[in-house]
Amino acid sequence: MAGGVNRKISAASARAHTRRAKQNTSFQLPSGMFKKALALLFVGVLAWGYQATRPPPPKICGSPEGPAVTAPRIELSDGRHLAYIEHGVQKDSAKHKIVFVHGFDSCRHDTFAKYVSPEIVEDLGLYIVAFDRPGYGESDPNPKLTVKSMALDIEELADQLGLGSKFYVVGFSLGGQLLWSVLKYSPHRIAGVALIAPVVNYWWTGFPENLSKEAYNQQLWNDQWALRVAHYTPWLTYWWNTQKWFPYLSAIAHSPAILSSQDKELVMLPKRQARQTYMAQVRQQGEFESIHRDIIVAFGKWEFSPLELENPFPNNEGSVHVWHGDDDLLVPVSLQRYIAQQLPWIHYHELPGAGHLFPEAEGKCDTIIKKLLVGEEVSSI
């Protein structure tokens, strides 16, 4: 009689058999479904990134959802509006008519007219108009903003206000930088120019590479990155300066790290503290249309370099002045010196111990105006 086979199974074989059984019974995502899941994840990340880089729509002054219009405004040829404020003597009796261009994260109320003494205003017959640059305060944003469009806006403002064929322009900080465009595109309209602590674009052609690199490296690391983004990938500027992962541009954050010893004293003065009464107006139409677009234009690719400009006053019928503090932590003085050396027709005034906000110190704007208008010799400021 035939008998059954008695098979012995080793412990190792039993464990291997158990593992195979478990593997065979575990859930496996079909390869096609896995690819679809990855694709959906990729699309989701792209959508999030796209939304994160897109600024919200601006709140236009005078629109149903926007802030109210409280200032006088002119309508430009393209339909945009510029808000302005007037100071000084009556326009019709003024001896000198001046357009002032405000700086970064500021508005028409941040005018040097506040720091010019009433005696100088009366003696020299000054009429001063300050305006909100596009996107700031109550001036409409300009989605096509360029350095050239700023020069043309100033011309239109002067024409509509009846300032005559020639007028003076004064600009502070980033507003001072924009006056290079006035010298480029509107030299026939200006009687004189004062650039006060003008911002410098590190990518302007004409700078020695080692000089611009050294000046750039003097900036705080977060500012270096913010400016690099504005220059090379401007579409990321909004996201970069609104994310919460690491520090963004110091000027946006109002960081005291960019203030010199003199600046820290000046920010405590009553006139500077009074800015709190209108600071909410500065960015009220949206941060992108004001401060972010400002950075993109200031540090973007310019279609000309100030170092290539020619003297707008070859017959000495006017003058161009650049004022800068040697302790300016925001704008490196080394690049300002180089510009003045390359443009010998510039009247360059370097102020020992002065920071970026030196025009707000007592008597400084009086000196700047007298030098511009009547050519008084200035040994110190």
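**Notebook: a sheet and its aromatic rings**

I began at Val-101, and found that its bridge partner in strand 5 is Gly-171. I keep in mind that this is a predicted model.

**Entry 1: strand 3 and its neighbours.** Next I looked up what stands opposite Val-101 in strand 4, and it is Phe-131. Strand 4 covers residues 126-131; it runs parallel to strand 3, and six bridges join the two. With strand 5 (residues 167-172), strand 3 also pairs in the parallel sense, over four bridges. Is strand 3 mostly covered or not? I checked residues 96-101 and found five of the six buried. I then followed the chain from strand 3 through helix 3 (residues 118-124) to strand 4, and noted a right-handed β-α-β unit.

**Entry 2: the whole sheet.** I stepped back to see where these strands belong. They sit in an open sheet of eight strands with mixed pairing, in the order 1-2-4-3-5-6-7-8. Which strands form the edges? I found strand 1 (73-75) and strand 8 (346-351), each pairing on one side only. From one strand to the next, the twist averages 25°. I also looked at strand 5 with strand 6: six bridges, in the parallel sense. There, Phe-167 stands opposite Ile-190 of strand 6. Towards the strand 8 edge, I noted helix 15 (residues 333-342), which lies across strand 7 (320-325) and strand 8. Helix 15 runs at about 155° to strand 8.

**Entry 3: aromatic rings.** How many aromatic pairs does the structure hold? I noted 15. One of them is Trp-203 with Tyr-232, edge-to-face, with 5.9 Å centre to centre and 90° between the planes. This pair links distant parts of the chain, 29 residues apart: Trp-203 is in the loop between strand 6 (190-196) and helix 7 (209-217), while Tyr-232 is in helix 8 (residues 221-232). Trp-203 has a relative accessible area of 25%, so I wrote it down as partly exposed.

Trp-239 and Trp-245 make another edge-to-face pair, at 6.0 Å centre to centre and 75° between the planes. Which is buried and which exposed? Trp-239 is buried, because its relative accessible area is 19% and the cut-off is under 20%. Trp-245 counts as exposed, at 62% relative accessibility.

I also traced a cluster linked by ring pairs: Tyr-185, Trp-204, Phe-207, Trp-302, Phe-304 and Tyr-338. My last stop was Trp-225, where Arg-228 lies over the face of the ring, 4.8 Å from the ring centre.

Key. Residues numbered from 1 in each chain as written. Predicted model: local features only at pLDDT ≥ 70, side-chain atom pairs only at ≥ 80, totals over all residues. Heavy atoms only, no water. Phe/Tyr/Trp six-rings, centres within 6.5 Å; stacked < 30°, edge-to-face > 60°. Buried < 20%, exposed > 50% of the residue type's maximum accessible area, 1.4 Å probe, protein only. Lys NZ or Arg CZ within 6 Å of the ring centre and 35° of its normal. Pairing = 2+ DSSP bridges. Right-handed = clockwise from strand over helix to strand, strands pointing away. Axes fitted to C-alpha atoms, helices over the stretch in contact; angles between N-to-C directions. Contact = heavy atoms within 4.5 Å.
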